[in-house]
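Student: Please walk me through one part of this model up close, and then place it within the rest of the chain. I'd like the cut-offs behind each term as we go.

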Amino acid sequence: MEHHEIAPGVTIPKIGLGTWGMGGKQIEDRRWDEENITAIRFAIDLGLTHIDTAEYYGAGHTEELVGEAIEPYNREDIFLTTKVWRDNLRFDTLIESIKKSLRRLNQNYVDLYLVHWPNYQIPLKETMQALEHCVNEGYTRYIGVCNCSANLIQEAQSYLKENYLIANQSEYSLISKAPRVNLLPYLQETNRTLIAYSPLGRGILPRMNFKTLTEIAEKYRKTVPQVALNWVITQENVVAIPKSSNPIHLLEFMDAICWEMNLEDNIELTNSFI
Ligand SMILES: NC(=O)c1ccc[n+]([C@@H]2O[C@H](COP(=O)([O-])OP(=O)(O)OC[C@H]3O[C@@H](n4cnc5c(N)ncnc54)[C@H](OP(=O)(O)O)[C@@H]3O)[C@@H](O)[C@H]2O)c1
């Protein structure tokens, strides 16, 4: 697995694992727990050791599933990310949220704690101070945000005394290219990481027949999801967190790494999506 240095001396795989939908979406769903735990463990065994979850997912049940899935592994071998929901960004509420997440995950700490969505009703300064408190208390090693513009990241950082906001999670794929304009160049300049969510376009890219994408996949003897993921992760300071509960799809992710399409094909592919 190719790796990326997300913080000084800390590397994570270029491809991690998303968990939205495992254990339910807005409400918990326990019907596929066994399959999902097996899938998470299979992903870790393949090297997808960056696991992304959130307190919002499955109304907390997804964190419980992740906690159970990672239990047999060495904790240091996993890079565990969770997120605080936008309603919980007041100082005390955020601290309460991370403690509840840690209980559900059955962990003493997470590696990265992210603000899931900005909430303009709550002062950003208060939220950032709460995040800093989480680092100081050892609840999380690193902090970051999601769905933020370069300007908002800059503002968020200005409220932090000692810590560096290391990452922004944003939707980024061939069908969601907006981060290329401002956000990604800013993150690259400031040595932060773009964690690309929905890198498979929420399943649209593998399921629809996009002509250029299909042709390029054939040319490189890869599958469509492999090319779609490869396009994301070969960019500087970008890692991806595709979701799959299907071991065949997880195995397929592995051939998205360790190769690059030539520049001409890359440009043609990029331009084939508006
Ligand atoms: N911070 C945020 O606001 C935010 C927002 C959205 C998502 N996220 C995170 O990012 C993760 C990934 O995003 P996502 O789940 O929205 O979308 P995604 O990873 O782009 O796509 C996931 C979908 O693709 C399907 N899939 C995967 N491989 C496939 C293949 N080879 N062939 C056909 N279908 C395939 C999966 O189904 P199977 O399970 O059947 O393979 C699943 O339905 C989430 O799980 C979550 O952890 C964060």
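**The largest pocket and its surroundings**

Tutor: Happy to! The largest pocket has a volume of about 910 Å³. (A pocket is an open set of points on a 1 Å grid over the protein atoms alone, where a 1.4 Å probe fits, with protein on both sides within 12 Å along at least five of seven lines; lining residues have an atom within 4 Å of a point. Points are joined across faces, edges and corners, and the volume is the space filled by probe spheres set on them.) Keep in mind that this is a predicted model, in which local features need pLDDT of at least 70 and side-chain atom pairs count only at pLDDT 80 or more, while totals for chains, interfaces and linings use all residues. Residues are numbered from 1 along each chain as its sequence is written, and side-chain values use heavy atoms, with hydrogens and water left out.

Now to the wall of the pocket. It is lined by 35 residues, and those nearest its centre are Trp20, Ser198, Arg202, Gly203 and Lys243. Two elements give two or more residues to this lining, α7 (204–207) and α10 (247–253). (Helices, H or I with at least four residues, and strands, E with at least two, are DSSP runs numbered from the N terminus.) The largest share, 3 residues, comes from α10. By chemistry, the lining divides into 14 nonpolar, 14 polar and 7 charged residues. (Ala, Val, Leu, Ile, Met, Phe, Trp, Tyr, Cys and Pro count as nonpolar; Asp, Glu, Lys and Arg as charged; the others, Gly among them, as polar.)

Let's follow α10 first. Leu250 sits in this helix, and it is buried, with a relative accessible area of 0%. (Buried means under 20% relative accessible area, exposed over 50%, and partly exposed in between, with a 1.4 Å probe and protein chains only.) Beyond its neighbours within four places in sequence, Leu250 is in contact with Leu17, Ala39, Phe42, Ala43, Leu46, Leu48 and Ser244. (Contact means heavy atoms within 4.5 Å.) As a distance marker, the C-alpha atoms of Leu250 and Glu34 are separated by 16 Å, with their positions 216 residues apart along the chain.

Both α10 and α7 also meet helix α9. The buried residues of α9 pack against β9 (193–197), α7, α8 (211–219), β10 (238–240), α10 and α11 (263–272). Helix α9 spans residues 224–233 and is mostly covered, with 10 of its 10 residues buried; among them are Leu229, Trp231 and Ile233. Just before this helix comes a contrast: Arg221, in the loop between α8 and α9, counts as exposed at 78% relative accessibility. Its phi is near 55°, a positive value in a residue other than glycine. Most residues other than glycine have a negative phi. Asn147 shows a positive phi near 55° too; it lies in the loop between β7 (140–146) and α5 (150–158) and is buried at 19% relative accessible area.

A strand comes next. His4, in β1 (residues 3–7), is buried with a relative accessible area of 9%. Leaving out neighbours within four places, His4 is in contact with Val10, Thr11, Ile12, Lys14, Thr193, Asn237 and Val239.

Two further helices give residues with other degrees of cover. Arg104, in α3 (residues 91–105), is partly exposed at 22%. Apart from residues up to four places away, Arg104 touches Glu55, Gly60, Glu63 and Glu64. Its C-alpha atom is 5.8 Å from that of Glu63, although the two are 41 residues apart in sequence. Asn136, in α4 (residues 124–136), is exposed at 51% and touches Glu162 and Asn163, again not counting residues up to four places away.

Finally, the whole chain. It has 11 helices and 10 strands. Its radius of gyration is 18 Å, close to the 19 Å that the globule rule gives for 274 residues, so it is as compact as a globular protein of that length. (The radius is taken over C-alpha atoms, and the rule is 2.2 Å times the number of residues to the power 0.38.) Buried residues make up 58% of the 274. Among contacts between residues at least 6 apart in sequence, 77% join residues at least 24 apart.
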